[in-house]
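Biologist: I have just opened this structure and would like a friendly tour. Shall we look at it together?

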Amino acid sequence: MDVYLKDEDKIIDIEMQTYPQDALGKRTRYYQSMIDMDSLMKGEDYPNLKESYVLFICKNDPFKNEKDNYYGLPCYTFRNFCEENNAVNLNDNSCKVIYNVIKNCILAIFEIEFLQIKTRRVIVRILSSRHPWRNIFASFDDRQNSVFA
């Protein structure tokens, strides 16, 4: 795990993806299972599972259609809904978000903002120090000090 944040009611795992990955969906599933194992101890009631987010920040668009064309979305958000009626929500409080940074780098930072975690500044600092795009994140952080304060 690249960045792992945990507070009283929420867990966030942030992964940096620098090269294309065929099994990205299964990787998100794996990381979700790791979060759940950390969130609930043996014998605890299931309602005690924390709200969880698995965020992948991808250098390239990870999704193609059947014609091998990229969808080109800046952000892909996945939650568990019923296929027969998408108005029925499983309410498992898990979310997987995959950012296409090539499409819109700044959007990824603003989307992370919605999580309202006190350690947002830490996220930006870690991303800027551990990743090849660190100059983009660092310059954004310098311009937007008040956003992440």
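**A guided tour**

Biologist: In which loop is the place of Asn91?

Modeller: Let us start with how the elements are named: helices (H or I, at least four residues) and strands (E, at least two) are DSSP runs, numbered from the N terminus. On that basis, Asn91 is placed in the loop between β4 and β5.

Biologist: Is Asn91 buried or exposed?

Modeller: Phi of Asn91 is near 55 degrees, a positive value in a residue that is not glycine. For accessibility, buried means under 20% relative accessible area, exposed over 50%, and partly exposed in between (1.4 Å probe, protein chains only). At 59%, Asn91 therefore counts as exposed.

Biologist: What pLDDT does the chain average?

Modeller: This is a predicted model, in which local features need pLDDT of at least 70, side-chain atom pairs count only at pLDDT 80 or more, and totals for chains, interfaces and linings use all residues. Residues are numbered from 1 along each chain as its sequence is written, and side-chain values use heavy atoms, leaving out hydrogens and water. As pLDDT is the predictor's confidence in each residue, from 0 to 100, it helps to know that 68% of the residues score at least 70. The chain average is 75.

Biologist: Over which residues does pLDDT stay under 50?

Modeller: Confidence is highest in α1, at 92, and lowest in helix α5 (residues 145-148), at a mean of 34. Where pLDDT is low, the predicted coordinates should not be read in detail. That caution suits the stretch where pLDDT stays under 50, residues 114-149.

Biologist: Which residues form the covered face of β1?

Modeller: In a regular strand the side chains alternate between the two faces of the sheet. In β1, Tyr4 and Lys6 make up the uncovered face. The covered face is formed by Val3 and Leu5.

Biologist: Which residue of β2 is the bridge partner of Leu5?

Modeller: A hairpin through 3 residues joins β1 to β2. These strands run antiparallel and are joined by 4 bridges, and strands pair if DSSP finds at least two bridges between them. For Leu5, the partner in β2 is Ile12.

Biologist: Within what arc do the buried residues of α1 fall?

Modeller: The buried residues of α1 are Leu24, Thr28, Tyr31, Gln32, Ile35 and Ser39. Seen down the helix axis, they line one face of α1 because they fall within a limited arc, taken from the directions from the axis to the C-beta atoms. The face turned away from that buried side carries the exposed Lys26, Arg29, Tyr30 and Met37. The arc of the buried residues is 105 degrees.

Biologist: Which residue forms a salt bridge with Asp38?

Modeller: A salt bridge is a side-chain nitrogen of Lys or Arg within 4 Å of a carboxyl oxygen of Asp or Glu, and the whole structure has 2 of them. Asp38 has its closest N and O atoms 3.3 Å apart from its partner's. That pair links distant parts of the chain, 32 residues apart, with Asp38 in helix α1 (residues 24-39) and its partner in strand β1 (residues 3-6). The partner is Lys6.

Biologist: And which residue forms a salt bridge with Lys64?

Modeller: Lys64 is partly exposed, at 39% relative accessible area. Its partner is exposed, at 51%, and sits in the loop between β3 and β4. With the closest N and O atoms 3.4 Å apart, the partner of Lys64 is Asp68.

Definitions and conventions
Contact means heavy atoms within 4.5 Å.
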